[in-house]
Amino acid sequence: MKKILIIGARGMLGQELMKVFGTDKNYEVVGTDMKDFDITNKEKVFENIKNIAPQIVINAAAFTRVDDCEKPEFKDICMKVNGYAVGYIAAVCRELNAVMIHYSTDYIFFGEKERGYREDEKDFAPLNIYGQSKLLGEQELLKNTDRFYLIRTAWLYGKNGKNFVDTMLELAHKMPELKVVNDQTGSPTYAVDLAKRTKEILEGNYPFGVYHITNEGTVSWYDFAKKIFEIAKIDVKVIPVASNEFPRPAKRPKYSVLVNTKLPKSRKWEEALEEYLLKKI
């Protein structure tokens, strides 16, 4: 039996990881979150992880409020949680000879390449502070351990956390029509699928390195919203608009599709979305 530590266990992805690994008798699972210890405190990170002594560490903790990262009062904590803390965790994993799994984002890219971004892409140019913090986390990971799986994902949704799907459903009950951005394209990812695929990587004897996991296919936010309402059978008018009609503190990439060249394909995003919505309605 392998001991696995899941950091960020109460978050959207963390809770799905706890289910996926917690129901497998081959693992002894320990889940921690912000209330358990502060991952931005290097001494506490070393002390707590060494006391647990896991063979595998999954870091699902992150500061994901993208627009808040642009605010002076949040920038520092964003860089610490998404950036430097990753290095602390990686350094402990190296000392324990433990495998580390960490999650990053499509937001580390500028988002102009219509062919998408492969795992070996080096053209990093984040448009916002959140992307900068996640890129820093990647750099800190590589600097502190070589026994890692770095999983980049995008447009994550699921229960137990704020996400686009739930936001659309809430707004549809309040407004007869919604304006949704039509010039940003990506690949939605269901947290349940990401958790399951994480386990597949860990157990599949894949070499350490960078992996891209999203649900298969690409879509704009506008068409994503239309599909949500179609499946949920909600009658609401959806109006396509340009990003400049919705100015936000943090700029978003226009085309940040993550190309998977290393793994079997995930199921299509439409299928995953339908499963999620059928559980909600």
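Start by selecting M100 and F148: M100 lies in β4 and stands opposite F148 in β5. As you look around, keep in mind that this is a predicted model.

**Stop 1: strand β4 and its neighbours**

Now widen the selection to β4, residues 99-105, and to β5, residues 148-153. These strands run parallel and are joined by 6 bridges. Trace the chain from one to the other and you will pass along helix α4, residues 129-144; together, β4, α4 and β5 make a right-handed β-α-β unit.

Next, add β3, residues 56-59. β3 also pairs with β4 in the parallel sense, over 4 bridges. To find a matching pair here, pick I58, which stands opposite I101 in β4. Between β3 and β4 the chain crosses through helix α3, residues 72-96, in another β-α-β crossover that is right-handed.

Show the side chains of β4. Which residues point one way from the strand, and which the other way? V99, I101, Y103 and T105 go one way, while M100, H102 and S104 go the other. In a regular strand, side chains alternate between the two faces of the sheet. Is β4 mostly covered or uncovered? It is mostly covered, with 7 of its 7 residues buried.

**Stop 2: two loop residues with positive phi**

Most residues other than glycine have a negative phi. Select A53 to see a positive one, near 55°. A53 sits in the loop between α2 (42-52) and β3, and is partly exposed, with a relative accessible area of 42%.

Then jump to K233, whose phi is also positive, at about 55°. Look for K233 in the loop between α7 (221-232) and β12 (237-241). K233 is exposed, at 75% relative accessible area.

**Stop 3: salt bridges**

Side chains of opposite charge can pair when their charged atoms come close. How many salt bridges does the structure hold? There are 22, and here are three to visit.

- Select E121 and R115: their closest N and O atoms are 3.3 Å apart. E121 is buried at 9% relative accessibility, whereas R115 is exposed at 53%.
- Return to helix α4 for K143 and E140, which are 3 residues apart, so about one helical turn separates them. Their closest N and O atoms are 2.9 Å apart. K143 is exposed at 57%, but E140 is buried at 10%.
- Finish with R267 and E275, which meet at 2.8 Å, N to O. Add D193, E271 and K279 to the selection: salt bridges that share partners join these residues with R267 and E275 into one network.

Definitions and conventions
Residues numbered from 1 in each chain as written. Predicted model: local features only at pLDDT ≥ 70, side-chain atom pairs only at ≥ 80, totals over all residues. Heavy atoms only, no water. Buried < 20%, exposed > 50% of the residue type's maximum accessible area, 1.4 Å probe, protein only. Pairing = 2+ DSSP bridges. Right-handed = clockwise from strand over helix to strand, strands pointing away. Salt bridge = Lys/Arg side-chain N within 4 Å of Asp/Glu carboxyl O.
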